[in-house]
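User: Please take a close look at the ligand site. Keep it brisk.

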Amino acid sequence: MAATRLMPTEEGQDLIDLTREICDKELRPRVDEAERAAARDESFPTEVFRTLGKAGLLSLPQPEEFGGYGQPYEVYLQVVEEIASAWMSVAVGVSVHSLTAHPVTTFGTPEQQQALLPEMLSGDQLGAYCLSEPLAGSDIGSMTTRAVAEGSGGEPTAYRLRGRKAWISHAGHADYYTTFARTSDEEGRGLSCFVVPADAPGITFGTPERKMGLHCDTVREVMYDDVPVDASRRIGAEGQGMAIALAALDAGRLGIAAAATGLAQSALDLAAGYAQERQQFGRPIAANQGLAFLIADMEAAVTSARATYLHAARLKDAGRAYSKEAAVAKLTATDAAMRVTTDAVQVLGGAGYTEDFPAERYMREAKVTQIFEGTNQIQRLVISRHVLR
Ligand SMILES: Cc1cc2nc3c(=O)[nH]c(=O)nc-3n(C[C@H](O)[C@H](O)[C@H](O)COP(=O)(O)OP(=O)(O)OC[C@H]3O[C@@H](n4cnc5c(N)ncnc54)[C@H](O)[C@@H]3O)c2cc1C
C-alpha cells in the first residue's frame, strides 16, 4: 500500500509519481535476485543508478544552477523513502551520493562549484563518502589519513594523500571520493576535505566486506598511497574538514531516516497483507486482537518515523537549524525500522524466517541503519548535547 503523501508542490507530486513508476517497473522486479546475487558475486546495480540518474532522481535537492533539480528536502526525502520501499540498497546509495556532493554545494567556492558539480550531478556519476577508518569510527577526530601539502611556501598547490578508509559504500564503483584527511594535528581543526577522482594514481580498494544484508551496497576499504590531489580540489579551508563532515552528516542522516521509513513501510504492508490472508483456527490471523494490535503499533511507528524526518526537512528547507531534529529523526526512524521489520517476521511466523518472503531481508537490512552515519548511541549524544547545553 503506497504511503499517503501531502506534497508541498505539484512538481513534488509529479516526482513521487515518476519514482513510483520507476520503482514498479525497474526496481521491485529485480531486488530479490539482485540482492541474492550480490551476496554471492559482489555485483553492483550500476544500471539501476543510471536509470535513476537519467530520470533526475540522483540530484534532486542540489541547486538548479549546478545541474541539480532544486527540490526542497521535503520532496527529496519522500522520493528516497519511495525508493527504499522498493530497494533499500539503492535508496541508501542515493542518500550517500547526495552526501558526497554536500561539501561542494555548501562549502565550495563558486569556481569549484562550476568545475565539479555539473559532472557530479549529471546523473551519470556516483560518489563515495570517505570518512570512517579502521581505527576511527564514531570518533572521526582520531583519523590518521594524512594530506601532506606540496608547494614552496604560501598556499599549497597540491596534496599527497596517505592512509586507509574503511567501510566505504560504492568503493570501486564510484567516480569520485569525497575524502576527509588530516592536514594538521591541531585538535578540532586538523581535518580537511578533498574531492578525489576515481582514476587518481595510488588509489586502490580492498575486497568487499561480507555483510549481513544490503548486499548491493558494496562496501570496501579505500587505500591512498601517495595520491596526488590538486589544491583546487580541497573544499573549504584547511582545518574546516570536521565542520564540513558534520554538516554533511546532518543532511545525510535525514536520507537514512527516510530510507528506514520506506523499509519499515514495506515490512508493514507485507505483514498486514499476510495477516489478512493466512488462516488459523478457522479465521484470518488478523482477526486476533493480539496480532491486530501488533500491526497497529507497526503503523504508529512508521507514521511517527515519517513525521520526524519531515519535521527536520521542513526546518532545513526554511533555512532553520535542524541538527538536533535530524538526529531525532535518524534515531526514531531507524529504531522503528528495526522493530517493525522484526515484528513483520513474527507476523509471518515460520514463513517470515524463510527466503520465500522478503521479511527476513528487511530485518537484516534494518540493522545497519542503526549503525551507519553515526550509530544511534552517537545520535543520543548529539540530541542530549543540544538539550542539555
Ligand atoms: C554497511 C555499511 C556502510 C557504511 N558506509 C560508510 C561510508 O560510505 N562512508 C563512511 O565513512 N563510513 C561508512 N560506514 C561506517 C559507519 O559510519 C561506522 O561503522 C559507524 O560510524 C560506527 O563506527 P564503528 O563501526 O567503527 O563503530 P565504533 O565507533 O567502534 O562503535 C562500536 C560501538 O560503540 C558505541 N560507541 C562508540 N562511542 C561511543 C560513545 N561515545 N558513547 C556511547 N557508545 C559509543 C557505538 O555506538 C557502537 O555501538 C559504513 C558502515 C557500514 C556497516
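Which pocket does the space taken by the ligand correspond to?

Analyst: This is a predicted model: local features need pLDDT of at least 70, side-chain atom pairs count only at pLDDT 80 or more, and totals for chains, interfaces and linings use all residues. Residues are numbered from 1 along each chain as its sequence is written, and side-chain values use heavy atoms, without hydrogens and water.

The ligand takes up the space of the largest pocket (on a 1 Å grid over the protein atoms alone, an open set of points with protein on both sides within 12 Å along at least five of seven lines). Two elements give two or more residues to the shell: β3 (158-169) and α11 (376-388). β3 provides the largest share, three residues. Domain 2 (127-241) and domain 3 (243-388), with bounds from an automatic or database assignment, each supply at least three.

The shell has 17 residues (a heavy atom within 4 Å of the ligand). Ser132, Ser138, Trp167, Thr375 and Gln377 come nearest. By class, nine are nonpolar, six polar and two charged.

Now the polar contacts (N or O pairs within 3.5 Å). A ligand oxygen is 2.7 Å from a polar side-chain atom of Ser138. A ligand nitrogen lies 2.7 Å from a polar backbone atom of Tyr129. A backbone N or O atom of Trp167 is 2.8 Å from a ligand nitrogen. Alone, the ligand exposes 970 Å² (Shrake-Rupley, 1.4 Å probe), and the protein buries 64% of that.

Conventions: Polar contact = N/O pair within 3.5 Å; in protein donor to acceptor, adjacent residues only side chain to side chain. 1 Å grid on protein atoms, 1.4 Å probe; cavity = no way out; pocket = protein on both sides within 12 Å on 5 of 7 lines; lining within 4 Å. Sits in = over half its atoms within 2 Å of the grid points. Helix = DSSP H or I, 4+ residues; strand = E, 2+ residues; numbered from the N terminus. Nonpolar A, V, L, I, M, F, W, Y, C, P; charged D, E, K, R; others polar.
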